[in-house]
Amino acid sequence: MTVEKASKSSTTSKKGSTEALVVGGGVAGMQAALDIADQGFRVYLLEKTPSIGGRMAMLDKTFPTLDCSACILTPRLSEVARHPKIELLSYSEVQSVRGKAGDFHVRVKKKTRYIDPDKCSGCGDCVAPCPVEVPNEFDQRIGFRKAVYVPFPQATPNTFTIHKKGDVACKIACPAHVNGQGFLALMADQKHELALKIVRDAIPFPGTLGRVCPAMCERNCERATVDESISIRNAHRWLADYERLHKAYTAEPPVIDKTEKVAVIGAGPAGLSCAERLAKLGYPVTVYETKEKPGGLLRYGIPEYRLPRNILDEEISMIEDLGVKIELGQKIKSADSLMKKGFKSVFIATGAPVSSKLRIRGEETEGVLHALEFLDKVNSGEETRIGRHVAIIGGGNAAIDAARVARRLGAHEVTIIYRRSRKEMPAIHTEVEDALEEGIQLLELANPVQILQSRGEVVGIKCIRMKLGEPDESGRRRPVPIPETKFSLQLDTIITAIGQRVSPEGPHTEVELTSWGTPEFDEVTFQTSVAGIFAGGDVLTGGGLVVDAVAHGHEAAESIHRYLRGLDLTEGRPHEFKPIPSEEVGRDGIVLAPRAKMPKLTLNQRLNSFQEVEKGFEERIAIEEAGRCIECGVCSECLQCVEACTRDAIDHDMKDDLVDLHVGAVVLATGYELFDVKEYPRFGYHEYENVINALEYERLINASGPTHGHVIRLSDGKVPQSIGFVQCVGARDVTMGVPYCSRVCCMYGIKNAVMAKEHYPDVDVTIYYTDIRSFGKGFEEFYQMAKRRFGVNFVRGRVAEISESVDGDNLLIRFENIEDGFLSEAEHDLIVLNPGIQPPEGLELFEEQLGVSIDDEGYIEVQHVFLQPVDSKIPGVYVCGCADGPKDIPDSVTAGSAAAMRATIVLSKEAEK
């Protein structure tokens, strides 16, 4: 994700500032912001999440009064939002900060929501059509939310946010950048027409590429880190097939509103893709093709058992329906001649139709064929005779195609000779597997050195054994001949498939050429050395992939459009993708499921015809396969939210923004983190579904939570009959690096136990504790009330481990009873771990750039605990809430007011200057 710009605060000046920045939108930060603003000073309240409110927004009740948390918080949220002196910077992060009291300069990154807050009314119409569901962080991942969301109903600001982690690996890996997650999400939601539209927006051949693409997307699929990659290619093939079976395709009426004519030379995948994109942009396009039918190597190079011609014909017809004219049987020798006829730009996509030579003795012998010419004849319907013993030289797709075609033409024995190992073969691996199933032999690590002949005809081939040496420029290990290992094979037909070259003649020769005879071109714009003439596909690369040719055609079309409109050809290109680190992809809760297997013809059916081998998925299988997508980018960019929004508030091209603030005082109210209870594996968290942490319990018992206030066991949805609460998990433990007391854990544990009894009076509730620290106002009374009025059991004991009972239905807790010194065991059907409070992340920034001190426990160090409890070591920087240590809600609010008072002293002095 890129940052678009940096804007300056209106108060930026060489003088000091009378504005303040409060970092952290929890109760302490809100209190500090309100108190400063009430004194007449402008305040920026910065919060890293989409809404202010902090963890208090997640709670059901507060201790010791058991008041409704939302009832206290919601009016305060509203007050902050309405205050004229407070500017909310939610979903924002501090990037840098420097300066001194009265004169701090802060750079803030405002992360884009992809929704304009000035247009969003908070209606939520965008939520329903969103096909993506992910665990809801606000509900501690117990419930689910959509990719477009507000954290909770009273969220402030009440603006929806679209959650994007970045660009998904499958889309980045695809040369045409097909949005795999996008169409899979809609497909799983059974919105097949919309899913196909996403594919067609990227490629004009969803059915064709769904059959012949090597599926680089699948090699990078994050699902493979769980079990197996998703069958992405076969999924969009199914979408195209589904449309053909259920309704006729109707192209949108072409809107050819441009006057500049464009010529495309070559009706292969590159040329047709370029023409399709230009037609959609409104240009009149004419495609010139030498052959009698369009398609290039799609038609003449790929056998029909892989790509049925009716599929190709239909998809080319769709391009013609857009207004593209295809002139067949037209051999264009000069691009310049087309320009003289009135075309304003030309795209050369003449391919690489010449087979590379082996350059060994005997290559010109009768019976030596070249794969391109061989496949061209077969695919054109010409009679093609071969012998009984056939060898194919090469390891690419053309080699595999030639071998399988030879088998279908009646060859008794077909052998593929490849100079590297099978692992290094560039051919589609499933095609190699199919070839081996069909009885084709693979001779690895062998290289021809001579064609053997008798009376002018092939009788065999002499080869030499190879070994793999160091990697070459392609990254594959270089094959090295092994001396004295030559051997011969008896053959009557040899088909070479070691590569393709461009023709030495043709329109591409009018531009500057490389030493390979291919046009010199700009790798971003695809413009050649001649202005207005562009090129793409195999004419640039030699033999390449269909999907690469499609990508070339689209990029060239964009360049031609810009060229004809007088725009900069390179601005914003190439597109910079933001890959999602694999470790940031959510994998929790994924149910293992094998990749769908493609049904195929039987072996006998294959060898007796050119009927398509792969039969395609059934609808149920296709939908299930799409549902295996783990939605690693969260938002799938399916754009259904854009269609649903009546206020045009959603823009998926929005960028992050940098804002420069000039403030006189900084208040750090950065909150806290909860100790990760997984650090105690003996407690079984994440191993046993019915072991949860306190904040998960808070969301279960909260009326606005995922279970609407019903405490249930996550394993079976039953109401627990016996609940155990374990105190001090990750507090007062030197071995875990947290020797200090978290201060609030005892009371919130007791609060949760009391709420369980309020909801279910008959439930048995036990708290396992080391000792009770009830130091605040009313805390001791609350503790005594829990015992006497509500009947909560208190067991003073150190918990050793938690395990499942013999029947696996309940949990066993083993502990040392401190009162009597004996080891004991108890059974519960739900156990709640009460984690300690930890310092928040990100304090290092303020330590590095402002010089604030971090104490031994990881919190911000204050000047003096008693005399200056909210002053950091740096004048003008103040702390409140849990930034300097664990606090309960009343103490956090009090500290917020104290920090505000100290900040306003600095601001007042600046105002007096």
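Author: Two strands are taken to pair if DSSP finds at least two bridges between them. The model discussed here is a predicted one.

Reader: Strand 33 and strand 34 are joined by bridges, so which residue of strand 34 does Phe-815 stand opposite, given that definition of pairing?
Author: Strand 33 covers residues 811–817 and strand 34 covers residues 823–828, and six bridges join the two. Because at least two bridges are enough for pairing, these strands count as a pair, and they run antiparallel. Within that pair, the residue of strand 34 that stands opposite Phe-815 is Ser-824.

Reader: Which residue in the turn of the hairpin formed by strand 33 and strand 34 has a positive phi?
Author: The hairpin leaves five residues between strand 33 and strand 34. In that turn a positive phi of about 80° is found at Gly-821.

Reader: What are the extents of the C-alpha trace along the principal axes of the chain?
Author: The chain holds 25 helices and 39 strands, and of its 913 residues 55% count as buried. Its accessible surface comes to about 40400 Å², with 48% of that belonging to carbon and sulfur atoms. Along the principal axes, the C-alpha trace spans about 110 × 70 × 60 Å.

Reader: Among contacts between residues at least 6 apart in sequence, what share joins residues at least 24 apart?
Author: The contacts considered here are those in the chain between residues at least 6 apart in sequence. Of these, the share that joins residues at least 24 apart is 70%.

Reader: In the open sheet of five strands, which are the edge strands?
Author: The five strands follow the order 16-23-17-18-19, with parallel pairing. An edge strand here pairs on one side only, and this holds for strand 16 (368–370) and strand 19 (441–443).

Reader: By what angle are neighbouring strands of that sheet turned against each other on average?
Author: One of the neighbouring pairs is strand 17 (residues 389–393) with strand 18 (residues 413–417), which pair in the parallel sense over five bridges, and there Ile-393 stands opposite Ile-417. For neighbouring strands of this sheet, with direction ignored, the average turn is 25°.

Reader: At about what angle to strand 16 does helix 13 run?
Author: Helix 13 (residues 371–379) lies across two strands of the sheet, strand 16 and strand 23 (493–496). With respect to strand 16, the helix runs at about 80°.

Reader: How many residues apart are Arg-55 and Glu-673?
Author: The side chains of Arg-55 and Glu-673 meet in a salt bridge, at 3.8 Å from N to O. Arg-55 sits in the loop between strand 3 (43–47) and helix 2 (69–82), whereas Glu-673 belongs to strand 28 (residues 673–674), so that the pair links distant parts of the chain. Arg-55 is partly exposed at 24% relative accessible area, and Glu-673 is partly exposed at 22%. The separation in sequence is 618 residues.

Reader: In the salt bridge of Glu-364 with Lys-357, what is the relative accessible area of Glu-364?
Author: The closest N and O atoms of Glu-364 and Lys-357 are 3.8 Å apart. Lys-357 is partly exposed, with a value of 35%. Glu-364 counts as exposed because its value lies over the 50% cut-off. That value is 65%.

Reader: Are Arg-404 and Asp-434, which form a salt bridge, buried or exposed?
Author: The closest N and O atoms of this pair are 4.0 Å apart. Arg-404 lies in helix 14 (residues 397–408) and Asp-434 in helix 15 (residues 429–437), so the salt bridge ties together parts that are 30 residues apart in sequence. Salt bridges with shared partners also join Arg-404 and Asp-434 into one network, which includes Arg-306, Asp-401 and Lys-600. As for accessibility, both Arg-404 and Asp-434 are buried.

Reader: What is the relative accessible area of Arg-237?
Author: Arg-237 lies in helix 8 (residues 232–246). Leaving out residues up to four places away in sequence, Arg-237 touches several residues, among them Pro-206, Arg-211, Glu-612 and Glu-614. Arg-237 counts as buried because its relative accessible area falls under 20%. The value is 2%.

Reader: Which residues make the nonpolar surface patch of about 410 Å²?
Author: One member of the patch, Leu-867, lies in the loop between strand 37 (862–864) and strand 38 (868–872), and Leu-867 is exposed, with a relative accessible area of 68%. The residues that make the patch are Val-865, Phe-866 and Leu-867.

Terms used:
Residues numbered from 1 in each chain as written. Heavy atoms only, no water. Helix = DSSP H or I, 4+ residues; strand = E, 2+ residues; numbered from the N terminus. Axes fitted to C-alpha atoms, helices over the stretch in contact; angles between N-to-C directions. Contact = heavy atoms within 4.5 Å. Buried < 20%, exposed > 50% of the residue type's maximum accessible area, 1.4 Å probe, protein only. Patch = residues over 30% accessible without salt bridge, like charges linked within 9 Å, V, L, I, M, F, W, Y side chains within 5 Å. Areas by Shrake-Rupley, 256 points an atom, 1.4 Å probe, with all protein chains shown as cover.
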